[in-house]
Amino acid sequence: MGLDDAVTVTALWGAVLLSGFYHGVNPGMGWPLAVSSGLMDGRGQAMVKALGALAAGHLLAMLAILLPFSMMTVLLDWQTEIRVGAAALVIAAGAYLLINRRHPRILARVHPSRLVLWSFLAAMAHGAGLMLLPIYLGISGTEPGEAGHAAARELMGRNIGSAFVVALAHTAAMTVAGGVIAAGTYYYLGLRFLKRTWFNLDLVWALSLILVGLSGLYLAINGH
């Protein structure tokens, strides 16, 4: 691996963590529900438990997107085409969210106590896993000259492991960011502050998907 490749991989791992922090800050990923759980129960432990449930659902959503791609042995011969297609899918998702600004109705039908399911559906509906996909494919790119069944098995095993590491790192960053905001609101600021300072990141979210898709497209075309 040359210096340029090392810098690219480092930047991609940075993007995994940065996107995790971004998802954690976004109220649409659920930290206000953790605050609500703590306030309704009157215990900080309830908030921590809710954050854990939100993290579990988010992790499952990330793996639901990443694992199918990690098991595609055709990455050996078609990795550039797959990465271009994935980038186009992410751009399309961002464009759709720009056009359709309505909040997914299915989330309103999930009982507040089912936070794992809610978090999973929220991440899927908002394209959170798709945002991570071009980054993951850049990290798990194959080396030139790999071929044959042995290489395919090795690639699959390595990429499945990478998918779990990427999803875990991303979810940990999300949980830390969301947890800090939730704890600050619960212990110090209160719901009145939350009502006064509510921020909607739907537009920024959609534009971020497009930006990540374009970045993934550039990396795929330029062989990084």
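Helices (H or I, at least four residues) and strands (E, at least two) are DSSP runs, numbered from the N terminus, and pLDDT is the predictor's confidence in each residue, from 0 to 100. The model is predicted, so that local features need pLDDT of at least 70 and side-chain atom pairs count only at pLDDT 80 or more, while totals for chains, interfaces and linings use all residues. Residues are numbered from 1 along each chain as its sequence is written, and side-chain values use heavy atoms, with hydrogens and water left out.

**Figure 1. Confidence across the helices.** The protein has a mean pLDDT of 81, with 77% of its residues at 70 or more. Among its elements, helix 3 has the highest mean pLDDT, 92, and helix 7 the lowest, 81. Where pLDDT is low, the predicted coordinates should not be read in detail.

**Figure 2. The largest cavity and its lining.** On a 1 Å grid over the protein atoms alone, a cavity is a set of points where a 1.4 Å probe fits but cannot get out, and lining residues have an atom within 4 Å of a point. Grid points are joined across faces, edges and corners, and a volume is the space filled by probe spheres set on the points. Two cavities of 30 Å³ or more are counted, and the largest has a volume of about 70 Å³. Its lining includes His23, Trp31, Leu54 and Met174. Helix 1 (3–25), helix 3 (44–70) and helix 7 (148–196) are the elements that each give two or more residues to this lining, and helix 7 provides the largest share, four residues. By class, the lining has six nonpolar residues (Ala, Val, Leu, Ile, Met, Phe, Trp, Tyr, Cys and Pro), six polar ones (the others, Gly among them) and no charged ones (Asp, Glu, Lys and Arg).

**Figure 3. His58 in helix 3.** His58, which lies in helix 3, is buried (under 20% relative accessible area, with exposed over 50% and partly exposed in between; 1.4 Å probe, protein chains only), at a relative accessible area of 0%. Not counting residues up to four places away in sequence, its contacts include His23, Met29, His170 and Met174, where contact means heavy atoms within 4.5 Å.

**Figure 4. Leu133 in helix 6.** Leu133 is placed in helix 6 (residues 128–139) and is buried, with a relative accessible area of 0%. Beyond residues up to four places away in sequence, Leu133 touches Ile65, Leu66, Phe69 and Ala86; the C-alpha atoms of Leu133 and Ala86 are 7.1 Å apart, although 47 residues separate the two along the chain.

Definitions and conventions
1 Å grid on protein atoms, 1.4 Å probe; cavity = no way out; pocket = protein on both sides within 12 Å on 5 of 7 lines; lining within 4 Å.
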